Amino acid sequence: MGIFSRRPTATLEPTPDVGPGTPFPATAASGVALDPALRALTGEWIIDRPHSRVGFSVRHAMVTTVRGAFADYDSKLYLDGARPERSRAEIVIRVASVDTGVEQRDAHLVGKDFFDARRHPEMVFRSTATTHEGGETFRMTGDLTIKGVTRPVELHLDYLGSVLDPFGFERAGFDGTTTIDRTDWGLVYNQRLEAGGMMVSEKVRLQFDISAIRATPLE
């Protein structure tokens, strides 16, 4: 999928708080129709790490793509299926848990040339706004902090559905992507190739394949 949806965006304006018993509208504040099934998702969730992937991909030597993921992170999600603009997310990632499948490369990534994990052990994403773009497509804006530098990013999110698994966990699936310029966060290390170009692309695609489980019981 692309960095952002190419569909026309409908930005949701904040809505006033409602009291108990106030019926949920069938549409968002912008008038974009909402799937009634999304209302059942409202509540607190966490990412189920064994069944999710928080990863990235980056072009290497201009001819191939290196892919990696982070194994250790904490998450807090609040989903509001009736008013998506109230949904929010926070993910705190331990950068030393990076895994690209090559031990030497992983050691380089956590060192001073890249993440400098000793001085900056965590990478953090905190959402600031959520927009329903129509159907099962959403856009989440947030602040991404890497190496002490905080900059805004936008995630393209697709809702994949929900299910009650055989162990009694209610699950909801999401795919999220965005592309960033790593140099904006001070990750500037590179090597120039003899034929021209750079060893590691400055553009990095972040990928979130999320299986979230409900953190609080249904009321």
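Two strands are taken as paired if DSSP finds at least two bridges between them, and the strands themselves, like the helices, are DSSP runs numbered from the N terminus (H or I with at least four residues for helices, E with at least two for strands). The structure described here is a predicted model, in which local features need pLDDT of at least 70 and side-chain atom pairs count only at pLDDT 80 or more, whereas totals for chains, interfaces and linings use all residues. Residues are numbered from 1 along each chain as its sequence is written, and side-chain values use heavy atoms, with hydrogens and water left out.

In the hairpin formed by strand 9 and strand 10, five residues stand between the strands, and G168 adopts a positive phi near 90°. Strand 9 and strand 10 run antiparallel and pair over eight bridges, with L164 having E170 of strand 10 as its bridge partner. On strand 10 there is also pairing with strand 11, again in the antiparallel sense, through 11 bridges, and here R171 has I213 of strand 11 as its bridge partner. Of the 12 residues of strand 10, 10 are buried, so this strand is largely enclosed by the rest of the structure; buried denotes a relative accessible area under 20%, exposed one over 50%, and partly exposed a value in between (1.4 Å probe, protein chains only).

The pairing of strand 10 with strand 11 is accompanied by a salt bridge between E170 and R214, whose closest N and O atoms are 2.6 Å apart; a salt bridge is defined as a side-chain nitrogen of Lys or Arg within 4 Å of a carboxyl oxygen of Asp or Glu. Because E170 belongs to strand 10 and R214 to strand 11, the pair ties together parts that are 44 residues apart in sequence. Both partners are buried, E170 with a relative accessible area of 17% and R214 with one of 13%.

In total, the structure holds 13 salt bridges. One of them joins the side chains of R49 and D72, at 2.9 Å from N to O, and it links distant parts of the chain, since R49 is placed in the loop between strand 1 (43-47) and strand 2 (53-60) and D72 in the loop between strand 3 and strand 4 (73-79), 23 residues apart. R49 is partly exposed, with a relative accessible area of 37%, and D72 is likewise partly exposed, at 28%. These two residues belong to a network of salt bridges that links R49, D72, D74, R94 and E122. R49 also lies over the face of Y73, at 5.9 Å from the ring centre, where a charge is said to sit over a ring if NZ of Lys or CZ of Arg is within 6 Å of the ring centre and within 35 degrees of the ring normal. A further salt bridge is found between E154 and R139, with the closest N and O atoms 3.7 Å apart. E154 is in strand 9 (residues 149-164) and R139 in strand 8 (residues 137-146), so parts 15 residues apart in sequence are tied together by this pair. E154 is partly exposed, with a relative accessible area of 26%, whereas R139, at 15% relative accessibility, counts as buried.

Turning to the aromatic residues, a search of the whole structure finds four aromatic pairs. The ring centres of F70 and F115 are 5.9 Å apart and the planes stand at 70°, so this pair is edge-to-face; rings of Phe, Tyr and Trp (its six-membered ring) pair if their centres lie within 6.5 Å, and planes under 30 degrees apart count as stacked, over 60 as edge-to-face and the rest as tilted. The two residues are 45 apart along the chain, F70 in strand 3 (residues 64-70) and F115 in the loop between helix 1 (103-110) and strand 7 (122-134), and both are buried. A second edge-to-face pair consists of F114 and Y189, with 5.3 Å from centre to centre and 70° between the planes. F114 lies in the loop between helix 1 and strand 7 and Y189 in the loop between strand 10 (170-181) and strand 11 (200-214), so the pair ties together parts that are 75 residues apart in sequence. F114 is buried, at a relative accessible area of 7%, while Y189 is partly exposed, at 25%.

F70 and F115 also form one aromatic cluster together with F56.
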